[in-house]
Amino acid sequence: MASLRPSSVKGDPIQFSPFSAITNSFTGFHRNWLSLRTEKLGRVDNTWLRLSPSLKEKSVLRLDASIISAGLAQELKRFKIQNMSETDGRVDFFDEMKQRFLSFKKQKYLGEVEHFKTLAEAQSPKFMVIACVDSRVCPSNILGFQPGEAFMVRNVANLVPPLENGRTETNAALEFAVKTLQVQNIFIIGHSCCAGIQALMTMQDDENSSFIEKWVANAKVAKLRTKEAIHLSFDQQCKHCEKESINCSLLNLLTYPWIEERVRKGTLSLQGGYYDFLRCTFEIWTLDFKESNVSHGSKISVKDQAFWC
């Protein structure tokens with residue numbers, strides 16, 4: 001869009017052109033609109049010809065102003081309709097989101113006001129949940145976690161890097177959940193058709209140039225174990241790795257001294273879960289600390305396995 005700027009005609013005071021802020025193509029008027037204004041009037045009679053030049057000019061300008069105003073209004077209306085059609089999806093989506101919020105407020109919040117007032121003072125969740133960022137696997141929706149029940153962090157492929165890999169958002173959340181909130185359970189939830197695991201399985205061992213490749217490399221031990229099952233197809237390998245990476249992350253949790261200490265004392269429990277959204281089934285298991293070899297990279301021993309379908 002052109003910027004506003006004054007246009008002047010020699011001998012006249014500075015005036016603003018009707019089209020100085022918009023292109024002629026936008027308003028639909030011919031670039032030589034001034035020379036064509038008699039055509040736009042649509043009528044030239046003897047009375048008109050007998051008028052003095054000054055009156056002719058004033059009449060033409062008034063009629064031109066009327067024509068310009070009508071044309072501009074029509075074009076702006078057409079532009080507004082076009083613009084709205086392009087944003088209808090966004091408008092409709094946020095309108096629906098508004099209705100969801102109002103429904104939550106009416107049916108949930110106002111029905112449990114005292115509970116939410118208590119949550120406003122402090123939180124004391126029993127679970128720390130680590131899940132994938134995938135939009136199809138929201139833990140609160142799948143497992144029914146209510147406000148205040150689960151402290152949650154989501155990342156690509158629901159991974160927990162070992163302590164030696166340095167600071168990340170995930171271990172910062174773990175530190176707060178364990179040391180400050182004193183959660184009783186850390187629950188790592190994986191899922192079927194995980195794009196993060198697929199990226200891990202297809203990348204070369206010496207490749208970690210992208211953010212995703214560098215991140216999923218935290219699960220390279222799971223990939224190596226999966227590659228041992230050479231009889232499996234690629235899809236089967238990915239599914240195997242999706243579960244194996246959960247177990248590797250459970251073991252990685254034990255590389256953090258303040259987690260290992262609590263697990264050893266029995267005040268903190270580590271669980272793994274796997275949601276298959278193709279079949280809508282859920283598997284769950286608990287790390288058996290006493291039976292597991294907790295050294296980095298060791299295989300895990302589990303207990304209390306269950307399959308929900």
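The side chains of Lys117 and Glu114 meet in a salt bridge, with 4.0 Å from N to O. The model is predicted. Its protein chain has a mean pLDDT of 80, and 68% of the residues reach 70 or more. Over residues 1-45, however, the pLDDT is below 50. This briefing covers salt bridges, an annotated site and one helix.

**Confidence**

- The stretch of residues 1-45 has 53 contacts in the model beyond near neighbours in sequence.
- The pLDDT of that stretch stays below 50, against a chain mean of 80.

**Salt bridges in and before helix α5**

- A search of the whole structure finds 11 salt bridges.
- Lys117 and Glu114 both sit in helix α5, which covers residues 113-121.
- The two residues are three apart, about one turn of the helix.
- An α-helix has 3.6 residues a turn, so residues three or four places apart point the same way.
- Glu114 counts as exposed, because its relative accessibility is 57%.
- Lys117, at 47%, counts as partly exposed.
- Glu112 pairs with Lys108 in another salt bridge, where the closest N and O atoms are 3.1 Å apart.
- Glu112 is partly exposed at 30% relative accessibility.
- Lys108 is also partly exposed, with a relative accessible area of 21%.

**A salt bridge between distant parts of the chain**

- Glu283 forms a salt bridge with Lys243, and their closest N and O atoms are 2.8 Å apart.
- This pair links distant parts of the chain, 40 residues apart.
- Glu283 belongs to strand β5 (residues 281-287), while Lys243 belongs to helix α11.
- Lys243 is partly exposed, with a relative accessible area of 24%.
- Lys239, Asp276 and Arg279 are joined into one network by salt bridges that share partners.

**The annotated binding site**

- An unreviewed UniProt entry lists Cys132, Asp134, His191 and Cys194 under "binding site".
- These residues span 63 residues in sequence, yet no two of their C-alpha atoms are more than 9.0 Å apart, so they gather at one spot.
- Cys132 lies in strand β1, residues 127-132.
- Cys132 has 5% relative accessibility, so this residue counts as buried.
- Beyond its neighbours within four places in sequence, Cys132 contacts residues including Val137, Arg154, Asn155, Ile189, His191 and Cys194.
- His191 is found in strand β3.
- His191 counts as buried too, because its relative accessibility is 2%.
- Leaving aside neighbours within four places in sequence, His191 touches Cys132 and Asp134, among others.
- Further contacts of His191 include Glu242, Tyr274, Tyr275 and Phe277.
- Val137 and Asn158 are in contact with Cys132, and these two residues also contact His191.

**Helix α12 and its surroundings**

- Helix α12 covers residues 257-265.
- Trp258, Ile259, Glu260 and Val263 are buried in this helix.
- The buried residues of α12 pack against two helices, α7 (169-180) and α11 (234-253).
- They also pack against two strands, β3 (185-191) and β4 (269-276).
- Strand β3 is where His191 is found, and helix α11 is where Lys243 lies.
- Gly266 follows α12, and its phi is positive, near 85°.

Notes:
Residues numbered from 1 in each chain as written. Heavy atoms only, no water. Buried < 20%, exposed > 50% of the residue type's maximum accessible area, 1.4 Å probe, protein only. Helix = DSSP H or I, 4+ residues; strand = E, 2+ residues; numbered from the N terminus. Contact = heavy atoms within 4.5 Å. UniProt positions renumbered as here; feature names shortened; annotations may be inferred. pLDDT = per-residue confidence, 0-100.
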